[in-house]
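Please examine the sequence and the three-dimensional view together. The explanation that follows moves from the whole chain to particular parts of it.

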Amino acid sequence: MKRINLSLLVLLIGSNLVFGQYKLPTLSFKYNALEPYIDSTTMFIHYNNHHATYVANLNKALEKYPELYKKTIEELLQNLNQLPIEVQTVVRNSGGGYYNHNFFWSILAPVGTTNISAKLEKIIINNFGSIEAFKSEFEKAASSRFGSGWVWLIQEKTGKLRIISTPNQDNLLLPIAEVQGKAILTLDVWEHAYYLKYQSKRAAYVKAFWNVVNWTEVEKLLANK
Ligand code: MN
């Protein structure tokens, strides 16, 4: 009997090793909340299949190195070169996918719930000349990203705003990132993000995106700088 209890104890202690596993974040809106711009089916599949798979693959890849579960996803990506060589590619791809989608959902909001404030408008105008010029540059970066990737509005250390794009699931946190800065806004331009509704019309999806940006969150990220 004592032996059984001991086994149970070992099992419980063992399960603590996976306590820090990465988790799919809870969405702050319903799957249909971004309709008609991002449809409910796409949102459901994107979150439950694509995003969930990145998390599952990341967790699985780190099973042999449970001490890494204690690190934040940002720490893993920032220190990619110091990780065991056999997990570096999975962390870059699945860990990147995990982080990027966490961030993407956080800057989306149901239609009509947030607006560009006068303060944010002034900052954008100071950096890009006008709101239209900002959107146009962002849309151009989204359209010209060949294959799969992301478009980002970032804030450089100097405070200057810039638009960049990254391939696959890469982002600014990686040591190989060409540009340094803090992510302020992002858009997923992988086909899985829009194909069901927009098919090959990526540009229409990018234009629709402006209707579901969480401008309050965007401004908060800038203010925290
Ligand atoms: Mn995606």
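The paragraphs below treat the overall fold, then one helix, then the strands, and lastly the metal site.

The model shown here is predicted. Its chain contains nine helices and three strands. Their order along the sequence follows the pattern α-α-α-α-α-α-β-β-β-α-α-α, which places the three strands between six helices and three further helices. Of the 225 residues in the chain, 44% are buried. Among the contacts with a separation of 6 or more, 68% are between residues 24 or more positions apart. The chain exposes about 12,100 Å², and carbon and sulfur atoms supply 56% of that area.

Helix H6 offers a useful case for closer study. It covers residues 131-144, 14 residues in total, and it reaches 20 Å from its first C-alpha to its last. This span is close to the 20 Å expected at 1.5 Å a residue. Which residues of H6 are buried? They are Ile131, Phe134, Phe138, Glu139, Ala141 and Ala142. Seen down the axis of H6, these buried residues fall within an arc of 160°, so they line one face of the helix. On the other side of H6, Glu132, Lys140 and Ser144 are exposed.

The strands may be considered next. Strand E1 spans residues 149-155 and is joined to E3 by six bridges. The two strands run antiparallel. Within this pairing, tryptophan 152 stands opposite threonine 186 in E3. Strand E3 itself spans residues 182-188. Because six of its seven residues are buried, E3 is largely enclosed by the rest of the structure. In a regular strand, the side chains alternate between the two faces of the sheet.

The last residue in the range of E3, residue 188, leads to the metal site. Which protein residues are the donors of the manganese ion? They are His46, His101, Asp188 and His192. Each of the three histidines contributes its NE2 atom, whereas Asp188 contributes OD. These donors lie 1.9 to 2.1 Å from the manganese ion. In sequence, the donor residues are spaced H-x54-H-x86-D-x3-H.

Are the aspartate and histidine 192 of this site buried or exposed? A residue counts as buried when its relative accessible area is under 20%. Aspartate 188 has a relative accessibility of 0%, and therefore counts as buried. Histidine 192 has a relative accessibility of 19%, so it also counts as buried.

Notes: Residues numbered from 1 in each chain as written. Predicted model: local features only at pLDDT ≥ 70, side-chain atom pairs only at ≥ 80, totals over all residues. Heavy atoms only, no water. Helix = DSSP H or I, 4+ residues; strand = E, 2+ residues; numbered from the N terminus. Expected span 1.5 Å × (residues − 1). Buried < 20%, exposed > 50% of the residue type's maximum accessible area, 1.4 Å probe, protein only. Arc of directions from axis to C-beta. Contact = heavy atoms within 4.5 Å. Areas by Shrake-Rupley, 256 points an atom, 1.4 Å probe, with all protein chains shown as cover. Donors = N, O, S within 2.8 Å, 3.2 Å for Na, K, Ca; no water. Pairing = 2+ DSSP bridges.
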